[in-house]
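Student: I've got this model open and I'd like a close look at one part of it. Could you pick a helix, walk me through what it packs against, and then show me how that fits with the rest?

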Amino acid sequence: MILHPGVLGLLIGGAVVVALMVVGSLVGLQILRAWDPSSSSENQLALERRTYLVSALVGVALWIEIGSALLFVHTAEDLHELFVGAMCATGSLNANPVGWWVLATKGAMVLLFPVWLALNGLDQRAGDYPVVRLKYGLLVVLTPIALADLVLQIQYFRGIRPDIITSCCGSLFSESGDHLTSDLASVPAAGALPLFGLASAIFLAALAWARFGRRPVSMGVVAVLAPVILGIGIASIISFVSVAYYELPTHHCPFDLFQGSSRYVGYPLLISLVTAVVSAALPGILHPLARRSDLDGLVAKSEKKWLTVSVAAYSVFLVFAVWPLVFGNLALELM
Amino acid sequence: MRRHFRILDFALASLRRRRLKNWAIVAVYAFTVTIVSSVLLLTNAIRQEAALLLVGAPELTVQRVVGGRHAPIAVEVTETIATLPGVVEAQPRYWGYTYDAVTDSTITVIGAGPGSAELEMVEGRLPEHSTECAVGAGVAAMWGAEVGGEVILIDASTTGVLYEVVGTFAAPSDILTNDLVVMTGDEAALFLGLPEGWATDLAVRIANPAEVDTIATKIKRAFPDSRPITRSEVLRTYDAVFHWRSGMMLAMLSGGLIAFAILAWDKATGLSAEERKEIGILKAVGWDTGDVLELKMWEGVVISVTSLLLGLIAALIHVFLLGAPLLTPVLRGWSVLFPELHPVPHIDPYLLVSIAFLTVVPYVAATVAPSWKAAITDPDSVVRG
Amino acid sequence: MTSGANPLVSVDDVTKTYNRGAPDEVRAVRGVSTSVSAGEVLVLEGPSGSGKTSLLTMIGCMSRPTSGQVAVDGRRVSRLSEVALTSIRRSTFGFIFQHLHLIPNLSVEDNIMIPMVPTGLSPVEMKQRVQRVLAEMHLEHRRTALAGRISGGEQQRTAVARALVNRPSIVIADEPTAHLDSELSSELLEIFADLNARGTTVIIATHDPRVIDHPIVHRRLLLRDGEVVGEHAP
Ligand SMILES: Nc1ncnc2c1ncn2[C@@H]1O[C@H](COP(=O)(O)OP(=O)(O)O)[C@@H](O)[C@H]1O
Ligand SMILES: [Mg+2]
């Protein structure tokens, strides 16, 4: 086990999130079991008060999780010095492949928690707690992910020893390897760039259509596009954004973007992309709730807000992604 | 959005109204942050010094191993190694430790050779005669010896030997030179009791870093009882050791952190009658539970940020200006002559985030439930008050 | 005036039972039905313990009835979630409490701001509203004074200002004159008369004859042991 300040922070953070989520789900289950909206008994009142406790617990858990996801990337980055053959986080993650699963659970939480909180916000403001069952049902699903995240993290940090010889981004993100990531890396920028541009244009157009037309179909389309855009965005980062930032035509590793030598540009790229994708998916996911009459106005108001946030966040992402192509030294070679 | 700012505003105002209580919390909180950050800043600084120390080290060090233990190596081995293609030069090194009963400390003795030329002298020069030596800052301070003075050291045959001090070292890295005495190579071998023709280890310089591993393999094949160690290996070991040490210290500290979280819990739960009434008023005039909860969480955030900043500033002063006096009792166990640290102040954003995770996360988590308890105060309790 | 075509508040067979099922169960309100129309001044009259405060908190969306229905502006509120209930309470009702309940170490202005904090109004709008109610209550010169350091009459007016700042259509006062000398209580009744003249509905719970017999009162509801035992419309 490597004891390292970042590792300890992650383990403490993971344990705290699990504790918050377990308490939250237990209270949630308690609420689900005895929930009776028609009653005005003291018991029902007490349950209603507890819904606030659950919201606060999950809200705090989300913030910790966002910090923890970024801290994990950076810690993997920092640990690479310990491994022979590792030049960045890819090497640290390959040193014990469980690390990739940690990345996956953290990604899942960062994508799913905001959905839960949005649902929760609607439920509380609606007046008669219309989606209370759905809400706590979902919470019980989220908790195991938090638990898996903690367990996997412990396994990951236990399993890495400084004498491990690992393979790094050189092989994973090279153009000749046999991984999916290698395929992504070898997609010529000349092909990837137009695809990215086209996808971005479609996504923004769909967002505008949903934002101003506000037809259920448009929300659905945007929600379906969102995960696709997440995929294309990450693929584009590997395929040409990283290359343009490093100004090295063959270096595709996305993790180096999180290093000081790239001015930490990976953080704004990732944060803006995830924000755009999550807030684009929310209206489509939650729109069906608008059919309940008492949620109608609320859902409509929130939808407008989320779609606006998505457009803004995606624009930020575009600026960061396109910047080095326009102003970098490698720009012309790639085009 | 505005709503959040208004509530933050109100949180600031209400923190200000209970100055005494809140400063007390901030004081304890900031102290915890100071201790945690001091450990991290200090170990980070030591780590960097260690890395610095290895910059001048040879690409390859060759030791001999007997029965799994480091043993002297024959000087003539250098001749064979020097003939290997890619090797620039191979030199014997003489070094070891001696215990000095007078000052109750361990001193590192090194023979002037390939590595020592890179040590920066404050004053004087490297020894040229067997009766001369150059000393590190720690040794000089202990003996009160300046250039031109004398030190008496106990050699391998427990005889006191008198040396004239001809130079003192400056330190790009305090660790390297602090407890150091440099003698001529032959004198060091004699002093340490090495048999004639034997050295502590060999330093091998290699022109092309890419060939280091190949050459190491060749040496190992030619001399099966040798152990070639590459510089990057040493670097990694240092890194691992220092990570491990700071991790150990932090693990011990986490006991303190838990105590701190409990204190925070206690402080937050122990709402005064006045505060309870105030929350009742807020509820009665139109705040809902969520609003009060947000107020309480903002208060926690403001307290955390304030304490984090104050604690960090205190830690920077403690470590970089004062030389970490609060930690030296713990650190003494590591090295008898622990250097007085004057590392270059350097703040790594990653360290800041780690510190925040180790302190703010437990605090905020501990205050969720008590804040909620405060927030569910019944609005009509006020009506009857 | 008992039941207008569109009552502002309607109360339908409302009960409130505390500690239900426990040995110390209290049936504070036992099946009250009435309605309040816009512009009315209604007094809930009855001895201590007759259920006035309990009824008042249910009308003011501060607590929920054990059974029965309360509707405000045509919207049934008895089963609403706390967030929804609070938002109606904030926009419709202004409360004046028996013990004023100002925060003593906060300035007059900040006390008045409190109900606006969760509404997310702009700072400019907030300032303007405070300015207006301060002027109405003749408190401009006390704007920055601590609420604990001003005279009883000024505290009284600060509490009223706080109740008015969200522009409620209904002002609710629970025993507002219980601790006031006759000068202050007639000053307060003047203020109520003023508010009412500008269209605000006023509901007062009291057993103070100075209030009950005051000419501004349109209607009196007599409560005994949680039940309405009489109604007067002078
Ligand atoms: N929170 C409570 N818990 C238990 N009993 C209560 C509570 N509040 C009021 N009561 C009881 O309900 C009855 C009516 O009280 P209240 O509504 O305050 O009447 P009033 O305002 O006319 O004095 C009283 O007997 C009182 O003791
Ligand atoms: Mg009363």
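**A close look at helix 4 of chain A**

Tutor: Sure, let's start with helix 4 of chain A, residues 98-126, and its partner helix 5 of chain A, residues 132-159: the two pack at an angle of about 160°, and their axes are 9 Å apart. Keep in mind as we go that this is a predicted model. What does that angle tell you? Anything over 145 degrees counts as roughly antiparallel, so helix 4 of chain A and helix 5 of chain A run roughly antiparallel to each other. Their crossing is left-handed. As for what sits in the contact between helix 4 of chain A and helix 5 of chain A, the residues split into 20 nonpolar, 5 polar and 4 charged.

Now stay on helix 4 of chain A and turn to another partner, helix 10 of chain A, which covers residues 266-286. Here the packing angle is about 45°, with the axes of helix 4 of chain A and helix 10 of chain A 10 Å apart. That angle makes helix 4 of chain A oblique to helix 10 of chain A. The crossing of these two, helix 4 and helix 10 of chain A, is right-handed. Which residues make the contact? From helix 4 of chain A you get A:Val110, A:Leu111, A:Pro114, A:Val115, A:Ala118, A:Leu119 and A:Leu122, and from helix 10 of chain A come A:Val274, A:Val278, A:Leu282, A:Ile285 and A:Leu286. Sort the contact of helix 4 of chain A with helix 10 of chain A by class and you find 12 nonpolar residues, no polar ones and no charged ones.

Let's zoom out to the domains. Chain A is assigned domain 1, running over 1-167, and domain 2, running over 172-335. Across the boundary, 25 residues of domain 1 of chain A touch 24 residues of domain 2 of chain A. Between them, domain 1 and domain 2 of chain A bury about 2,000 Å², and 78% of that is on carbon and sulfur atoms. On the domain 1 side of chain A, the residues that lose the most area to domain 2 are A:Leu70, A:Leu111 and A:Leu122, which together make up 25% of what that side buries. You've met two of those names already: A:Leu111 and A:Leu122 are among the helix 4 residues of chain A that contact helix 10 of chain A.

Chain A has a neighbour to look at too. How much area do chain A and chain C bury between them? About 970 Å², with 44% of it on carbon and sulfur atoms. The contact uses 14 residues from chain A and 11 residues from chain C. On the chain A side, A:Ser40, A:Tyr52 and A:Gly127 supply 42% of the area buried against chain C, more than any other three residues.

For another helix pair, hop over to chain C. Helix 5 of chain C (residues 152-164) and helix 6 of chain C (residues 182-197) cross at roughly 25°, and their axes come within 10 Å. That makes helix 5 of chain C roughly parallel to helix 6 of chain C. Helix 5 of chain C passes helix 6 of chain C in a right-handed crossing. Among the residues in this contact are C:Gln156 and C:Arg157 of helix 5 of chain C and C:Glu187 of helix 6 of chain C. By class, the contact of helix 5 of chain C with helix 6 of chain C holds 6 nonpolar, 3 polar and 2 charged residues.

Notes. Residues numbered from 1 in each chain as written. Chains lettered and ligands numbered in written order. Predicted model: local features only at pLDDT ≥ 70, side-chain atom pairs only at ≥ 80, totals over all residues. Heavy atoms only, no water. Axes fitted to C-alpha atoms, helices over the stretch in contact; angles between N-to-C directions. Parallel < 35°, antiparallel > 145°, perpendicular 65-115°, else oblique. Left-handed = near helix turned anticlockwise from the far one by under 90°. Nonpolar A, V, L, I, M, F, W, Y, C, P; charged D, E, K, R; others polar. Domains from an automatic or database assignment. Contact = heavy atoms within 4.5 Å. Buried area = accessible area lost by both parts, 1.4 Å probe.
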